[in-house]
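Trainee: I've just opened this one and I'm new to it. Could you walk me through what we're looking at?

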Amino acid sequence: MPRAVVTVHYWSGLLLAGFILVHLLNHLAALAGATAHLGLMQLLRTVYRHPVVEGALLLAVAGQVFTGIRLARSRRVGARGRAERLQVYSGLYLAFFLLVHTGAVLTGRLYFGLDTNLYFGAAGINTFPFSLFFVPYYLLAVLAVFGHLAGVHYRKGSARFGEQAARRQALGLGGLGVVVALLILYGLTNGLRGLPIPAEYLKSLGR
Ligand code: HEM
């Protein structure tokens, strides 16, 4: 495997991890209500919608998916131990999710002319039968982010912290992922009561 593939995966992964952390915090803000979510997104967009930052972010998505698929296919990360398998399978789901999700956001913005805010993200989750797809789609995405990090941490952290400690920390990361995924779902569904979605966002679902 060329060294450049590993290097690109590392650096684009770091950039994406920074964005994703902030992005998930933004979604957690829905626990405090739609206004809190919309307000925080407005603020964060001043950074990640800057053309240079957004250009780098979109390049990182493309770079991460391309190098991730190459790494998953190489013998270097051949699925051996459990941590390695978790890393590869969560990575493959993330590759699928990143392409579909980023494509959907760009289509919503550039083709449907929508403000791709809370209501855009929550429309499918709160509209039956689309929720049958979107609930597991988003839950798995958050779980895959934490699962991928847990797999990497266990494999790299064993040498530094010892295997037992690295395993505990990786399990902690996985547990945090489950909590974050469920809390985001709770927030985006208005505490499971259903979030009222403005009509223009339902059009992208064909309603
Ligand atoms: C948990 C459920 C999630 C929902 C409801 C959601 C929703 C959204 C929304 C509404 C946007 C548009 C933001 C804007 O216009 O300012 C967006 C952008 C984005 N999301 Fe998510 N997201 C979720 C999880 C994730 C995860 C887990 C990842 C990464 C693995 C991710 C990666 C991205 C990326 C890369 C963008 C594009 C940012 C840009 O404009 O350049 N999202 N998401």
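Trainee: Let's start with the ligand. Which element gives the largest share of the shell around the ligand?

Mentor: Keep in mind that this is a predicted model. There are 24 residues around the ligand, and Val-105, Thr-116, Gly-121, Tyr-138 and Ala-141 come nearest. The elements giving two or more residues to that shell are α1 (3-28), α2 (34-48), α3 (51-73), α4 (82-110), α5 (118-123), α6 (131-161) and α7 (163-188). The largest share, six residues, is from α4.

Trainee: By class, how many residues of the shell around the ligand are nonpolar?

Mentor: Take the other classes out of the way before you get there. Two residues of the shell are charged and six are polar. The nonpolar ones number 16.

Trainee: Okay, zooming out. What pattern does the protein follow along the sequence?

Mentor: Count the elements to begin with: the protein has zero strands and eight helices. Read along the sequence, that gives α-α-α-α-α-α-α-α.

Trainee: And what is the radius of gyration of the protein?

Mentor: For a rough outline, the C-alpha atoms fill a box of roughly 50 × 35 × 30 Å along the principal axes. The globule rule gives 17 Å for 207 residues, and the value for this protein is close to that, so the protein is as compact as a globular protein of that length. Its radius of gyration is 18 Å.

Trainee: What percentage of contacts between residues at least 6 apart in sequence join residues at least 24 apart?

Mentor: Burial is a handy companion number here: 26% of the 207 residues count as buried. As for the contacts you ask about, those joining residues at least 24 apart make up 71%.

Trainee: Which helix gives the most to the largest nonpolar core?

Mentor: In soluble globular proteins, nonpolar side chains tend to be buried together. Here the largest nonpolar core has 31 residues, and Tyr-119, Ala-122, Val-142, Val-145 and Ala-150 have the most contacts inside it. At least two residues of this core come from each of α3, α4, α5, α6 and α7. The helix that gives the most, with nine residues, is α6.

Trainee: Tyr-119 was on that list. Leaving aside neighbours within four places in sequence, which residues is Tyr-119 in contact with?

Mentor: Tyr-119 is one of the residues with the most contacts inside the largest nonpolar core. With those sequence neighbours set aside, its contacts are Ile-197, Pro-198 and Tyr-201.

Trainee: How far does α1 reach from its first C-alpha to its last?

Mentor: α1 has 26 residues, for which 38 Å is expected at 1.5 Å a residue. Among its buried residues are His-9, Ser-12 and Gly-13, and what covers the buried residues of α1 includes α2, α3 and α7. The reach of α1 is close to the expected span, at 37 Å.

Trainee: Which helices do the buried residues of α7 pack against?

Mentor: α7 has 26 residues and reaches 37 Å. Its buried residues are Ala-166, Ala-170, Gly-177, Ala-181, Ile-184, Gly-187 and Leu-188. They pack against α1, α4, α5 and α6.

Trainee: Just after α7, which residue takes a positive phi of about 55°?

Mentor: Most residues other than glycine have a negative phi, and most peptide bonds are trans. The residue you want is not a glycine, and it is found in the loop between α7 and α8 (199-203). With 15 other C-beta atoms within 10 Å, it counts as partly exposed. It is Asn-190.

Trainee: Leu-192 lies in that loop too. Is Leu-192 buried or exposed?

Mentor: Leu-192 has a positive phi of about 65° although it is not a glycine. A residue counts as exposed if 12 or fewer other C-beta atoms lie within 10 Å of its own. Leu-192 has 7, so it is exposed.

Trainee: Last one: which peptide bond is cis, with omega near 5°?

Mentor: Look in the loop between α5 and α6, where Pro-129 is found. The cis bond runs to that proline from Phe-128, so to speak of it in full, it is Phe-128 to Pro-129.

Key:
Residues are numbered from 1 along each chain as its sequence is written. This is a predicted model: local features need pLDDT of at least 70, side-chain atom pairs count only at pLDDT 80 or more; totals for chains, interfaces and linings use all residues. A residue is near a molecule or strand if its C-beta atom, placed from the backbone, lies within 6 Å of it. Helices (H or I, at least four residues) and strands (E, at least two) are DSSP runs, numbered from the N terminus. Ala, Val, Leu, Ile, Met, Phe, Trp, Tyr, Cys and Pro count as nonpolar, Asp, Glu, Lys and Arg as charged, and the others, Gly among them, as polar. The expected span of a helix is 1.5 Å times one less than its number of residues. A residue is buried if 20 or more other C-beta atoms lie within 10 Å of its own, exposed if 12 or fewer, and partly exposed in between; C-beta atoms are placed from the backbone. Two residues are in contact if their C-beta atoms, placed from the backbone, lie within 7 Å. The radius of gyration is taken over C-alpha atoms; the globule rule is 2.2 Å times the number of residues to the power 0.38. A nonpolar core is a set of buried Ala, Val, Leu, Ile, Met, Phe, Trp, Tyr and Cys residues joined through C-beta atoms within 7 Å.
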